[in-house]
Amino acid sequence: VPAAVYDTHAYYEPGAIGFLFHVVHAFLYVVQPNPFPKDLIVKVIQQNMGGIKIEEWRKWAYYEVGFLICTTVGVLVLVLTPVIGACFCVCRCCENCGGEMHQRQRKNADCQRGFYTASLVATSVLIIVGVAIAYAANHNMSMHVKSTRRFINTNIRDLKTLANNTPSQVDYLTGQYATAKNKVLSELDNIGPLLGGRIHSQLQKEVVPSLDSALRLAGAMRETKEALENVSSSLEVLQEGTGKLRASLSDERASLSNTLSDPACTNGAVSHTCTSVRATLAQLGTSADFSRLADVNQALANVNIILGTDLSNIVQKGYSSFNDTPRLVKEQTRNIVSGVKSMLDKIGTEINGFAKMFPVESSLANFSVFLTQQQKTVESYYPQLDQMDFYRWIGCVGTLCMVVLVLAFNLLGLLCGTCGYDKQATPTTRGCLSNTGGNLLMAGVGFSFVFSWVLMGIVTTLFVVGGNVEKLLCEPLANRQLFKIIDTPFLVHPAKKNFLPGMLFQNPNIDLTLGGMYRECYENNGLYHALQLETMFNINAFLNRTVYNKDLAKVLEGVQVDLQGISLLEQAGRDALINFANSGIGYVDYESYLAELNKGVTLVDLLTFSADLEAQADQLPRGALENALKGHASSIRQIHREQVVPLEQAMSTLSQSIKQLQRTSNDLPVKVTNILSAIDAAEYLIAHNASHVVKQETKGYMQSLVGYFRQYTQWVQNSLAGEVAPCKPLSNMVDSMEIVACSFIIDSVNTFWFGLGGCTILLIPSIIFSIKLAKYYRRMDTEDVFEPESFILSIFHFHL
């Protein structure tokens with residue numbers, strides 16, 4: 001949601017003067033340590049219509065006892081000061097109360113004068129500190145009162161931002177329905193791949209393995225044909241080759257026997273060799289006899305006939321028919337999709353109509369105009385406020401000038417008296433400067449009596465007002481105890497539970513509190529959630545009722561998918577599988593084939609035989625017999641090269657083909673039966689039991705569609721609670737008023753009377769010290785005179 005940026009930062013740090021604020025708060029805590037009387041105030045408010053009972057007055061007096069004591073003291077000082085001052089003046093005029101211009105001589109006169117001087121100096125310094133504190137508070141108020149304009153401007157600007165951004169945020173919420181709708185329409189347009197794909201993925205667990213087995217068996221048919229062809233051709237080659245080899249070896253054996261019949265073999269030296277060669281002639285013969293093996297022509301002919309039916313193509317048709325599930329789903333749900341689209345358009349129209357039903361934009365526009373007018377009205381009072389603040393500043397400064405005037409007389413009196421004081425001078429002969437200092441001190445005393453009661457009246461008034469405002473308004477507002485009073489059930493009327501909703505919505509039964517609203521706005525949550533507007537018009541209930549209504553649910557639940565048209569394997573394919581199982585490859589005598597192949601082509605390795613024959617020929621003397629035997633060895637090698645090697649290759653091909661056929665034919669009827677059973681089971685599942693799968697996957701698909709709407713309604717709910725019309729400006733207004741009223745004004749007022757009150761209290765010892773000290777500086781009319789001792793004795797004798 002497009003976010004609004006607010007300018008007000010409702011935070012105040014007083015700086016150095018904050019220490020004085022804390023001191024004043026501590027003093028007020030000493031005066032008033034009792035906790036905030038929430039229950040008493042609530043009871044007083046609730047009983048106001050019937051009158052306040054005496055018991056409540058007693059509790060209130062007990063709570064205010066500190067203020068009452070201090071106020072009583074202030075009133076006494078206010079009343080007694082002018083009376084005491086008048087009496088003091090009359091008394092001095094009658095030369096009493098220190099009015100007699102005569103000073104008795106005392107031995108500790110210098111010590112007393114020093115004590116009174118130091119005390120008056122200390123008192124004056126403390127009064128100066130009090131004046132400085134009061135002036136700092138006065139200046140702080142004037143300085144921050146001007147900052148109030150910034151708070152007013154930023155708060156009004158934030159309220160305008162709230163009012164101007166809210167309509168666009170509401171439009172954004174309603175506009176985002178199109179996003180959810182388009183997502184649903186996109187999935188409805190792709191219902192074939194999505195819903196059909198789900199159904200396909202569930203059914204393929206049973207269907208695909210059976211088709212894969214049939215496809216593998218189709219490949220095995222082609223491999224079987226190739227193997228049978230290899231067996232047939234290899235068997236012909238071996239049968240023909242072994243006959244020729246048998247004849248060649250017979251001829252070579254006869255020729256070698258004739259050579260060994262040569263008379264040269266009778267020679268005693270070679271007769272042994274000839275006998276040894278003659279003993280090996282029986283080894284020149286063939287081992288395997290392939291003429292006894294039956295051919296596989298009938299099985300080959302059967303397989304060729306079976307392969308006339310393209311089983312692979314039939315299986316691929318089964319794959320295609322099963323993979324066509326998404327298209328079937330799309331065709332069978334075309335009418336439902338078009339109906340859902342029209343209903344979604346209708347729902348979007350209803351949501352827009354609901355948003356336009358409330359005059360949010362016009363009301364907030366009027367509110368913005370109202371804010372602008374009020375801002376102009378407030379700004380028109382700025383000159384008057386500045387003038388009033390200037391008068392207030394002048395009044396406070398004038399009040400402080402009273403104290404400063406007394407201080408001036410005290411300090412000038414101290415300065416003149418101290419500088420003009422002569423220890424050698426008698427009280428009647430003191431100098432003019434010293435006498436002036438004493439007169440200034442007495443003038444300060446006079447002005448102290450004149451001003452002190454006025455100052456005490458000002459201090460007492462500001463103390464009572466500022467102190468109570470701090471304890472009864474500012475502190476409860478800072479710790480939110482004030483909100484608890486306002487939020488007390490049945491506060492203003494026994495029939496009205498909550499004050500705030502009763503004032504705003506004329507419905508006091510709504511569970512809306514000022515403290516809860518402030519917390520929500522302080523966290524910058526939405527105004528809809530902060531004011532609990534869902535109790536007035538529940539947007540979430542409307543969306544849940546509109547976005548996914550019963551008609552739409554009925555249409556979506558009516559989705560039906562029929563998969564009975566899917567055929568996995570045609571009858572021709574079934575016949576081909578059955579015929580392959582009965583093709584005859586299982587009746588081939590594989591054991592006889594393998595037995596002949598294991599024998600080898602010849603009884604002995606001809607290369608080894610020829611090598612041995614040459615070795616024995618080398619043992620003979622050179623001559624015709626040796627050459628003849630070597631010739632026979634060469635002939636045997638040639639027979640091996642030209643006849644045995646091709647036969648061995650043909651035997652290897654035959655061996656591989658026979659083993660392959662043996663593996664294929666092993667339990668072939670059982671394999672075919674299992675494949676056909678699996679295909680039948682898959683087709684039965686599609687035709688009869690697929691409805692459960694279809695319903696299950698359709699339900700999941702519908703839930704995914706509904707999930708977009710639920711996500712939209714949840715997003716709207718969260719956005720209304722935290723992002724739409726964030727009401728931080730409302731809590732900022734409360735915080736700003738607290739800062740202006742309490743931090744700017746009340747804290748400054750309390751600090752002002754605290755400093756001024758200290759000065760006023762210190763005027764009392766200042767009067768006493770000034771009166772005492774003036775005796776040592778003023779010129780006296782008479783003084784004590786001390787005569788010589790001889791004169792005194794003569795007077796004594798005269799009387800005797």
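Which cysteine does a disulfide join to Cys474? The partner is Cys742, with an S to S distance of 2.1 Å. Before we follow that link, a word on the model itself. It is a predicted model, in which local features need pLDDT of at least 70 and side-chain atom pairs count only at pLDDT 80 or more, while totals for chains, interfaces and linings use all residues. Residues are numbered from 1 along each chain as its sequence is written, and side-chain values use heavy atoms, with hydrogens and water left out.

Let us start with the whole chain. Its secondary structure comes to 28 helices and two strands; helices (H or I, at least four residues) and strands (E, at least two) are DSSP runs, numbered from the N terminus. Of the 800 residues, 43% count as buried. Here buried means under 20% relative accessible area, exposed means over 50%, and partly exposed lies in between, with a 1.4 Å probe and protein chains only. The accessible surface of the chain is about 41,500 Å², and 59% of that belongs to carbon and sulfur atoms; such areas come from the Shrake-Rupley method with a 1.4 Å probe, and for residues only the protein chains shown count as cover. As for contacts (heavy atoms within 4.5 Å), take those in the chain with a separation of 6 or more: residues 24 or more positions apart account for 89% of them.

Now back to the cysteines. A disulfide is a covalent bond between the sulfur atoms of two cysteines. In this model a disulfide is a pair of cysteine sulfur atoms within 2.5 Å, and a search of the whole structure finds two. The pair you have already met links distant parts of the chain, with Cys474 in helix 15 and Cys742 in helix 27 (residues 728–774), 268 residues apart. The torsion about its S-S bond is about -95°, so the disulfide of Cys474 and Cys742 is left-handed. Cys474 is buried, at a relative accessible area of 5%, and Cys742 is buried with a value of 5% too.

The other link is between Cys521 and Cys727, whose sulfur atoms are 2.2 Å apart. Cys521 lies in helix 18 (residues 514–522) and Cys727 in the loop between helix 26 (668–722) and helix 27, so this pair ties together parts that are 206 residues apart in sequence. With -105° about the S-S bond, the link of Cys521 and Cys727 is left-handed, and both of these cysteines are buried.

What about Cys419? The closest cysteine sulfur, in Cys416, is 7.1 Å from the sulfur of Cys419, too far for a bond. Cys419 is exposed, with a relative accessible area of 53%, whereas Cys759 is buried, at 0%.

Helix 15 (residues 432–478) also holds Ser448. Ser448 counts as buried because its relative accessibility is 1%. Leaving aside neighbours within four places in sequence, Ser448 is in contact with Val406, Leu763 and Ile767. Look next at the loop between helix 15 and helix 16 (481–486), where you will find Arg480. The phi of Arg480 is near 65°, a positive value in a residue other than glycine, and Arg480 is partly exposed at 22% relative accessibility.

Let us turn to helix packing. Two packed helices are described by the angle between their axes and the distance between the axes. Axes are lines fitted to C-alpha atoms, for helices over the stretch in contact, and angles run from 0 to 180 degrees between N-to-C directions. The axes of helix 18 and helix 27 come within 7 Å and cross at roughly 110°. That makes helix 18 roughly perpendicular to helix 27; angles of 65 to 115 degrees count as roughly perpendicular, under 35 as roughly parallel, over 145 as roughly antiparallel and the rest as oblique. On the helix 18 side, the contact is made by Met517, Tyr518, Cys521 and Tyr522, and on the helix 27 side by Lys728, Leu730, Ser731, Val734 and Asp735.

Beyond helix 18, in the loop before helix 19 (527–530), sits Asn524. Its phi is near 60°, again a positive value in a residue other than glycine, and Asn524 is partly exposed, with a relative accessible area of 28%.

A last pair is helix 23 (residues 590–599) and helix 25 (residues 624–665), whose axes come within 10 Å and cross at roughly 155°. That makes helix 23 roughly antiparallel to helix 25. Among the residues that meet here are Tyr590, Tyr593 and Leu597 in helix 23 and Met651, Leu654 and Ile658 in helix 25.
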